Every structure is written in structure tokens, then in C-alpha cells.
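Biologist: I am new to this structure and would like to learn how to read it. Could you take me through a few features, giving the general idea before each case?

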Amino acid sequence: MANIISTLFIAADGVAEIDPDWHFPYFDEAMGRAVTEDYETSDVLLLGRDTYDSFAGAWPGREAAGGEDAPFAKQLGDTRKVVASRQKLEFTWRNSELIDGDLIEAARALKADPGVKGVLIPGSISIVQQLLAAGLIDELRLLIHPVAARKGRRLFDEGDTPYHLKVILTEPLPTGVIRVIYAPAAAPAQAGYEDSVGKVNQ
């Protein structure tokens, strides 16, 4: 069964709607390597409409220009891209398709497809939130920037039930960004203040 992995640039205050002003000053070779590793996990990209439009508006031109990022642009172009949108789309970027029906059902079908190695969700906060709620995210791969953005959409929305996570990997990068990979986890045993008494060193 294929894993569904979310990869996000995120500020220290949880804002995942990136602003170039606080994101790009921290993008270095180490972050580029981490991003490459995330993309190597999967052969399908699952994208929301806004993220797709952003990618499709930039990467085909970069591939055609033949610059330093042309190989990565070609990799994106060659990858199967599955797009969630409430509106019909006319695709001009190759290997793009619209989800026919419900997002959750489509995600389950991708996970169960023996021909799919893995599914990566770059950005696409709404998609990640819906799949988290449905229990379909296998990993959250976060590149946490040392900045409080203070405005913008946050990854975790309001809800009644906490998401418990376990840490798979942590890696500090030279710019101060911390790479953290989380996976869903069972809730810990219940505890209260009394359980913490005597555990603080004085």
C-alpha cells in the first residue's frame, strides 16, 4: 500500500501559507537536498487547485528555459499529477488529471493502487487538513523556519480531537530551519498534574 506524505514549508507559529519574504532567505543547499528526498518518496503528486496553478504557471517555463532547475522541472512534468478542484480545469501541463469524485475516496484509491509507489502532497493545506481528519496521512514532513509569520493560513485547523504524532526524524539545517518528519501515533496514557510532581529537577 502506498504512503501519502505531506511536505510543507512552515513558520514557527504554524503558518504554512508561505510568503517568499520569510521563506526564500532560508532556502539553501541543505533544504534543497531535503526537498529532493521528499520528492523521491513518490511517483504521484496530489495537489490542490491553488498549488497546481502555482506549479503549472512556473515549472513548465523553467523546464523550457533550460536553466539550473530545468532537471527538477522536467521531473515534475514527467510525474503524474492528480488535482482536486471543484471546477473543471483545462490542463496544459503534461501528466495532469482532475479527481473525478470525492477527494477522500480518491486518496484511498491511490493508496490501494498497486501501481503507485507513493503519493506526495506539496503545499495544498486544505488537502492535508482533510486527509489528516480522515486518517490518511502517513507522514508530515515539515521544514520549520525560525520565524513567526504572524499572518497566513495555519496547518492545523480548529477541531475537537488532537492529532497525536511521533517523531521519525529531526534534522537542524545550517540556516536555523529544523526538518521534522512526523507520523500519526496513538494517544499517550492519560496523565495530570499529579503525575508530574517530583519530575522537575531543582
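Modeller: Let us begin with burial, where a residue counts as buried when its relative accessible area is under 20%. The model in front of us is predicted, and in it strand E5 is mostly covered, with five of its five residues buried.

Biologist: Which residues of E5 point one way, and which the other way?

Modeller: Gly118, Leu120 and Pro122 point one way from E5, while Val119 and Ile121 point the other way, and all are buried. As for its pairing, E5 runs parallel to E1 over five bridges, with asparagine 3 having glycine 118 as its bridge partner; E5 is also joined to E2, again in parallel, by two bridges, and there valine 44 has valine 119 as its bridge partner.

Biologist: How should I read the packing of helices H5 and H6?

Modeller: Two packed helices are described by the angle between their axes and by the distance between those axes. Here H5 (residues 103-112) and H6 (residues 125-133) pack at an angle of about 75°, their axes being 10 Å apart. Because angles of 65 to 115 degrees count as roughly perpendicular, H5 is roughly perpendicular to H6. Leu103, Ile104 and Ala107 in H5 meet Ile127, Gln130 and Leu131 in H6, and the residues of this contact are five nonpolar, one polar and no charged.

Biologist: Which residues touch the most other members of the largest nonpolar core?

Modeller: Among its 28 residues, these are Leu46, Ile121 and Leu131. Beyond its neighbours within four places in sequence, leucine 131 is in contact with residues including Ile4, Leu46, Ile121 and Ile137. A second, separate core of 20 residues includes Ala30, Leu47, Trp93 and Leu120.

Note on methods:
Residues numbered from 1 in each chain as written. Predicted model: local features only at pLDDT ≥ 70, side-chain atom pairs only at ≥ 80, totals over all residues. Heavy atoms only, no water. Axes fitted to C-alpha atoms, helices over the stretch in contact; angles between N-to-C directions. Helix = DSSP H or I, 4+ residues; strand = E, 2+ residues; numbered from the N terminus. Parallel < 35°, antiparallel > 145°, perpendicular 65-115°, else oblique. Contact = heavy atoms within 4.5 Å. Nonpolar A, V, L, I, M, F, W, Y, C, P; charged D, E, K, R; others polar. Core = buried A, V, L, I, M, F, W, Y, C linked by side-chain atoms within 4.5 Å. Buried < 20%, exposed > 50% of the residue type's maximum accessible area, 1.4 Å probe, protein only. Pairing = 2+ DSSP bridges.
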